[in-house]
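Let's take a walk through this fold, from a single side chain out to the core. Keep the structure open and follow along.

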Amino acid sequence: ASCVVRGVRRALVVVDLPFGAYQGNTLEALNSAIRVMKETGASAVKLEGGQHASAAIERIVSAGIPVMGHLGLTPQSINKFGSYKVRARAVEEQSRLLSDVKLLEESGCFSVVLEKIPWQLAKQATESTCIPTIGIGAGNHCDGQVLVVNDMLGLCKDFQPRFVRRYAELADVISGAAQKYTDDVRCRDFPSNTESYDLSWNGG
């Protein structure tokens, strides 16, 4: 994260608190957030969960650290869900998500990620809160969007969920370049004389 912070000019850098860094108690959550902010120089931290994470969020925010929430499909809880299927299809889960959006707002979150939920629910959630919603697999009614850069650039050929739009196929480009390099080395086409130094060379 610190490398990303050094490389950005105006982007907001938000760091996910790792699994196990905030679930124990609010003091553990606060200490984890402080460590992330001090060691990375990031702008904010992100926590997954609604009601069970609200106390930790409140304590972190009270220390002056901005917090982004995350609802819907929460990858750190995948063992509880059992799959990466779309979340909040059932009415009960939809109602809980809408309640959690308001709770995160009241707890002090400045924004919330909505992941892999029906677009109608994401639209309703966005309209029900004053904080920005960031969608990933949640339709185009959220205030903003995010994609994993590896997915967007086509670096992972075996993984393409419905919500991903690939803007390049870099896996093919990279593997093709590597294969061409290998072929050129094996047939001694690389390096050529123009890519080699001789005794008369006076350049750099």
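A polar contact here is a pair of N or O atoms within 3.5 Å; within protein, one of them must be able to donate a hydrogen and the other to accept it. Keep in mind, too, that this is a predicted model.

With that in hand, go to Thr126, which sits in helix H6. A polar atom of the Thr126 side chain lies 2.8 Å from the backbone oxygen of Ala122. Is Thr126 buried or exposed? Thr126 is buried, with a relative accessible area of 11%. Leaving aside residues up to four places away in sequence, Thr126 touches Leu114, Thr133, His141, Cys142 and Asp143.

Leu114 is a handy bridge to the next stop, the largest nonpolar core. That core has 33 residues, and Leu114 is among those with the most contacts inside it, along with Leu17, Val45, Leu47, Ile60, Leu97 and Ile117. Helices H2, H3, H5 and H6 and strands S3 and S4 each supply at least two of its residues. For a look at one core member, pick Val45: beyond four places in sequence, its contacts include Val14, Val15 and Leu17, as well as Ala33, Val36 and Met37, and also Ile60.

Now for H2, which runs from 26 to 40. Its 15 residues reach 21 Å from first C-alpha to last, close to the 21 Å expected at 1.5 Å a residue. Which residues of H2 are buried? They are Ala29, Leu30, Ser32, Ala33, Val36, Met37 and Thr40. Seen down the axis of H2, these fall within an arc of 165°, so they line one face of the helix. The general rule behind such a pattern is that an α-helix has 3.6 residues a turn, so residues three or four places apart point the same way. The buried residues of H2 pack against helices H1 and H3 and strands S1 and S2, while the face turned away from them carries the exposed Arg35, Lys38 and Glu39. Check the ends as well: at the N-terminal one, Asn25 acts as a cap, with a side-chain oxygen 3.1 Å from the backbone nitrogen of Leu27. Just after H2, Gly41 takes a positive phi of about 75°.

H3 is the last stop. Ser54, Ala56, Ile57 and Ile60 are buried there, and down the axis of H3 its buried residues fall within an arc of 160°, so they too line one face of the helix. Their cover includes H2, S2, S3 and H5. After H3 comes Gly64, with a positive phi near 90°.

Notes:
Residues are numbered from 1 along each chain as its sequence is written. This is a predicted model: local features need pLDDT of at least 70, side-chain atom pairs count only at pLDDT 80 or more; totals for chains, interfaces and linings use all residues. Side-chain values use heavy atoms; hydrogens and water are left out. A nonpolar core is a set of buried Ala, Val, Leu, Ile, Met, Phe, Trp, Tyr and Cys residues joined through side-chain atoms within 4.5 Å. Buried means under 20% relative accessible area, exposed over 50%, partly exposed in between (1.4 Å probe, protein chains only). Helices (H or I, at least four residues) and strands (E, at least two) are DSSP runs, numbered from the N terminus. Contact means heavy atoms within 4.5 Å. The expected span of a helix is 1.5 Å times one less than its number of residues. The arc is that of the directions from the helix axis to the C-beta atoms.
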